[in-house]
Structures are given as structure tokens and as C-alpha cells.
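Colleague: I should like to go through this model with you, question by question. Please give the criteria behind each term as it arises.

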Amino acid sequence: MAVESSCDETSVAVLKNDKELLSNIIASQVESHKRFGGVVPEVASRHHVEVITLCIEDALLEAGIEASQLDAVAVTYGPGLVGALLVGMAAAKAFAWANQLPLVPVNHMAGHLMAARQVQKLEYPLLALLVSGGHTELVYVSEPGNYKIVGETRDDAVGEAYDKVGRVMGLTYPAGREIDELAHKGRDVYDFPRAMMKEDNLEFSFSGLKSAFINLSHNAQQKGKKLVKEDLCASFQAAVLDILMSKTKKALKSYAVKTLVVAGGVAANRGLRERLAEEITETTVVIPPLRLCGDNAGMIALAAAIEYEKKHFASLDLNAKPSLAFETVEE
Ligand code: KG4
Ligand code: ZN
């Protein structure tokens, strides 16, 4: 059984025989956070407390499993909001202690990546482009469980940039999906900057793009000029995808890998999926199904199965690590 509570989804899943998800209960709090235009950490923690026990009960019920039949309890211990993480961890620890089960600590980003195991058996070494609300990174995985960052964002995460420009356009949080839809109805006419795209490294930067978007919107507003929302979205998304695609291709040239995994909330992006299908032809591309792209405990269970094999267990004094990160490799 796996527990995830790092941000605004409380989720519990049951995994059988390494790959088969028997249940994956997700209680989203997004409705509560919408009116604030983003996740309010204290509100998130309180919601987790309210539903975590119910989620555990539901996950076992749906899986048709008794606690006594479980082998281990996995839990996300970072990265994420500290208060939110602590709720899931307290629940997982209590459950593990009461049922005499080993506790498997899981990195949330490893979860996003390993959600790809649900699609097919992964061939190693592999490269992963992880794109979420808090992270944008290229990760080299030499073998199951061995993750190394080979490139990441210097400032904003790509999902964060989507949500911020969405806010400027008056869209509801989180705005990624709506921008993606609007982008498909517009044209790339505003010519936004593609920061660091030509530079010979695997670093990303999205804050300049975000500022360019905000400046264009404010200038137009002051002059009483109307901008076409669909074109704004198409232009923003074209810049984002150009950057993601060029850095991913660069990484594939530097690292000989058998598989490219693209995962995280932003991997739900239709534009990104289209460009990957068109432009990455020599490496097998694996993208988790939509239901496993956003935060969920199923992905945590899929990553935990690898740690379980290696007997990577934690004691009950395991602490939350809000800034937990994979090791970084200097180029
Ligand atoms: O991985 P995730 O569910 O949560 C974090 O761990 O951060 O990612 C959430 C992010 C949000 O910023 C959301 O706007 C973005 O994923 N997102 C998208 C799409 N669907 C979700 N961004 C672009 N296009 C989408 N279709
Ligand atoms: Zn996430």
C-alpha cells in the first residue's frame, strides 16, 4: 500500500505483484484552493487530515485486501509541502507499526517517473523529462532506483509558469490544461523568448518567458488593446515546447539511452505529446497514462516496488524532506 500527500491530493493505492494497481484512490482538494489561485499549505494539511483515514479504508476496500495481506507500506517523504507530507507520513507510519509492516520511503519525483512502468517494461539506461508544478528536470536512470539529475530549471518550474500566466489571463488554477486547449485554437504570433535554448547545456529557464507574457498583457491593458487569448496561449505553449524539446533532444545526444520517459503533471499536455510523437523517432518514448500523470499514490507504489526489492526500508523516525532531490551530475 502506498500513501501520497505531498501537495493538494490525498491518495492511497494498493499494488499487487510489482505492477498491478488494485486501487488508486485520489481525493483532490483543488476546489478548495481555486479561490486563492494556488495551493495554501495550511489548508492543504487540514484537508489531508480530514480524508487520509477514509482514503486508506477505500483503497483497501476497492482492492479487496485486508491489512494482514499487505507486504509493506510506502510513503512519499519529499519533495513537497512539509505539513502536507507529515500527514501522510504519520498515517503510513501508524499503519505500518500497527500491522508490523516495513516502511518504504519514496521520492515524489521517482513516483512521477516510475508511473511509466504502468505502460510497459522499461529498458535501461533511460532518460526522463520530469515536468510538474514544482519541478522541471532531466534525469538519467542507469538502472532501476538509481536517479541522477543531468539538467534542471534555474528558476520557475514549467507547470508553475503555466499557472502564473493562467492567472494573468484570469483562468482558474491550475491553468495548464485550459491553456493547452486554448493553444490548440490559436496561432504562435507573439514571438515569446526561448531562454537558453541555444546554449550548450541542459538547463532550463522559464521566468523570462513568464515576465515577457506579463509585460505584453499589462502593456496591452494600459493601451486598451485587446489580445487574442487563444493566440497568447498558442504563443506561450510554442515557446515552452520549443525549450522542452530542444533540451530533451540535446540530452538524448549526450546520453545513450534505450528509453525516454516523460512524466509529471505537465506530461498530460497534448501539445507536448504531439511534438514528442513527431520529433523523437529514434528512442522509445514512454508517457504514463493521463490518470497517472497528476499526483497519485499509484505512482508512489510503482516506485516503491523497486525500493522494496532492494530492501530500502526506513525506521519510524523517518522525517519529511520538503526539498528532497535526486543527486545532481555536473556536466
Ligand atoms: O505533478 P503535478 O500534478 O503536481 C506537482 O507535483 O507539482 O503537476 C501539476 C502541474 C500544474 O502546474 C498544472 O497546471 C500542470 O501540472 N498541468 C498541465 C497540464 N495538466 C496539468 N500543464 C500543461 N498542460 C496540461 N495539459
Ligand atoms: Zn507531483
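The exchange below concerns the ligand site, one buried acidic residue, the salt bridges and two further positions.

Modeller: This is a predicted model, in which local features need pLDDT of at least 70, side-chain atom pairs count only at pLDDT 80 or more, and totals for chains, interfaces and linings use all residues. Residues are numbered from 1 along each chain as its sequence is written, chains are lettered from A and ligands numbered from 1 in the order in which they are written, and side-chain values use heavy atoms, with hydrogens and water left out.

Colleague: How many residues surround ligand 1?

Modeller: A residue is counted as near the ligand if one of its heavy atoms lies within 4 Å of it. The closest are His112, Gly133, Asp163, Gly265 and Asn269. The full number surrounding ligand 1 is 19.

Colleague: Which side chain has an N or O atom 3.0 Å from an oxygen atom of ligand 1, and how much of the ligand does the protein bury?

Modeller: Polar contacts are pairs of N or O atoms within 3.5 Å; within protein, one must be able to donate a hydrogen and the other to accept it, and residues adjacent in sequence count only if both atoms are side-chain atoms. Backbone N or O atoms of Gly134 and Gly159 lie 3.4 Å and 3.1 Å from ligand oxygen atoms, and the side chain at 3.0 Å is that of His112. Taken alone, ligand 1 exposes 560 Å² (accessible areas by the Shrake-Rupley method with a 1.4 Å probe; for residues, only the protein chains shown count as cover). The protein buries 85% of that.

Colleague: Is His112 buried or exposed?

Modeller: His112 is found in helix α4 (helices are DSSP runs of H or I of at least four residues and strands are runs of E of at least two, numbered from the N terminus). Its contacts, meaning heavy atoms within 4.5 Å, include Ser132, Gly265, Pro288 and Met299, leaving aside neighbours within four places in sequence, and its side chain reaches the backbone oxygen of Cys293 at 3.4 Å. Buried means under 20% relative accessible area, exposed over 50% and partly exposed in between, with a 1.4 Å probe and protein chains only. Since its relative accessible area is 1%, His112 is buried.

Colleague: Which side chain of opposite charge is nearest to Glu9?

Modeller: Glu9 lies in strand β2 (residues 9-16), and its side chain makes a polar contact with the side chain of Ser28 at 3.1 Å. Glu9 is buried yet has no salt bridge, a salt bridge being a side-chain nitrogen of Lys or Arg within 4 Å of a carboxyl oxygen of Asp or Glu. For charge, Lys and Arg count as positive and Asp and Glu as negative, while His and the chain ends are not counted. The nearest side chain of opposite charge, 10 Å away, is Lys34.

Colleague: Which residue forms a salt bridge with Arg117?

Modeller: The structure holds 13 salt bridges. In this one, the closest N and O atoms are 2.6 Å apart. Arg117, in the loop between α4 (108-114) and β6 (126-131), is linked to a residue 99 residues apart, in the loop between β2 and β3 (20-28). Arg117 counts as buried because its relative accessibility is 10%, and its partner, partly exposed at 37%, is Asp18.

Colleague: In which helix do Arg46 and Glu42 lie?

Modeller: Their side chains meet in a salt bridge of 3.0 Å, N to O. Arg46 counts as exposed at 54% relative accessibility, whereas Glu42 counts as partly exposed at 48%. Because they are four residues apart, about one helical turn separates Arg46 and Glu42 in helix α2 (residues 41-63).

Colleague: Where is Ile280 found?

Modeller: At 8% relative accessibility, Ile280 counts as buried. Ile280 touches residues including Met245, Leu252, Leu260 and Val285, not counting residues up to four places away in sequence. Its location is the loop between α9 (270-279) and β10 (284-286).

Colleague: What distance separates the C-alpha atoms of Phe36 and Tyr173?

Modeller: Phe36 lies in the loop between α1 (30-34) and α2 and counts as partly exposed, at 40% relative accessibility. Phe36 and Tyr173 are 137 residues apart along the chain. Their C-alpha atoms are separated by 8.5 Å.
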